[in-house]
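Me: I have a model open on my screen and would like to understand the terms used for it. Could we go through them together?
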Amino acid sequence: MSDPITVLAPIKLAPGKTEADLLAASSRFQENFVSHQKGVLRRELVRTAEGEYLDIVQFRSADDAEKVMEAERSSPDCMEFFSMMDLSDVDMDAEMPMYRSLATYC
């Protein structure tokens, strides 16, 4: 079995979008898409600064992470969630960095 993988996805709010908009879209994304992905172990959305956030997602393996990220490309729920974000400085074709878990503590 491979080690769990964590992805740290930075989010900057799109112009005209609020934190409440992001939270509502994140909840729909979680319920309609993420919760149906077998390889997702946990997901947490945190605020890092005003208008900036970090979506922290832990996957069972790098293979699971890649499968979920591929499925996101054709998911209307994912596109709705992405519409909350300012993606003007984001290279959507760039690989998302993945971090291998060394140890997990409670």
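Me: How much space lies in the largest pocket?

Reply: About 1,000 Å³ lies in the largest pocket of this predicted model.

Me: Which residues lie nearest the centre of the largest pocket?

Reply: Ala9, Glu72, Phe82, Met92 and Met96 do, out of 37 lining residues. To count as lining, a residue needs an atom within 4 Å of a pocket point. Strands S1 (5-12), S2 (40-49) and S3 (52-59) each give two or more residues to this lining, as do helices H2 (62-72) and H3.

Me: What makes up the lining of the largest pocket in nonpolar, polar and charged residues?

Reply: The lining divides into 23 nonpolar, 2 polar and 12 charged residues. Met and Phe count as nonpolar and Glu as charged, so of the residues just named, Met92 is on the nonpolar side and Glu72 on the charged side.

Me: Let's turn to the rings. How many aromatic pairs does a search of the whole structure find?

Reply: The search finds 2 aromatic pairs.

Me: Why is the pair of Phe29 and Phe33 called stacked?

Reply: Two values settle that. The ring centres are 5.4 Å apart, within the 6.5 Å needed for a pair. The planes meet at 10°, and under 30 degrees counts as stacked, so stacked is the right word for Phe29 and Phe33.

Me: And why is the pair of Phe29 and Phe81 stacked?

Reply: The reasoning runs along similar lines: the centres of Phe29 and Phe81 lie 4.8 Å apart with the planes at 15°, so this pair is stacked. It links distant parts of the chain, with Phe29 in helix H1 (residues 19-32) and Phe81 in helix H3 (residues 76-82), 52 residues apart. Ring pairs link Phe29, Phe33 and Phe81 into a cluster.

Me: How do you know whether Phe29 and Phe81 are buried or exposed?

Reply: Buried means under 20% relative accessible area. Phe29 has 3%, so the residue is buried, and Phe81, at 1%, is buried too. Phe33 is likewise buried. Over the chain, 34% of the 106 residues count as buried.

Me: What makes the chain as compact as a globular protein of that length?

Reply: Its radius of gyration is 14 Å, and the globule rule gives 13 Å for 106 residues; the two are close, so the description holds. The C-alpha trace spans about 45 × 30 × 25 Å along its principal axes.

Me: Which pattern does the chain follow along the sequence?

Reply: Its 3 helices and 4 strands come in the order β-α-β-β-α-α-β.

How values were computed
Residues numbered from 1 in each chain as written. Predicted model: local features only at pLDDT ≥ 70, side-chain atom pairs only at ≥ 80, totals over all residues. Heavy atoms only, no water. Phe/Tyr/Trp six-rings, centres within 6.5 Å; stacked < 30°, edge-to-face > 60°. Buried < 20%, exposed > 50% of the residue type's maximum accessible area, 1.4 Å probe, protein only. 1 Å grid on protein atoms, 1.4 Å probe; cavity = no way out; pocket = protein on both sides within 12 Å on 5 of 7 lines; lining within 4 Å. Points joined across faces, edges and corners; volume = space filled by probe spheres on them. Rg over C-alpha atoms; globule rule 2.2 N^0.38 Å.
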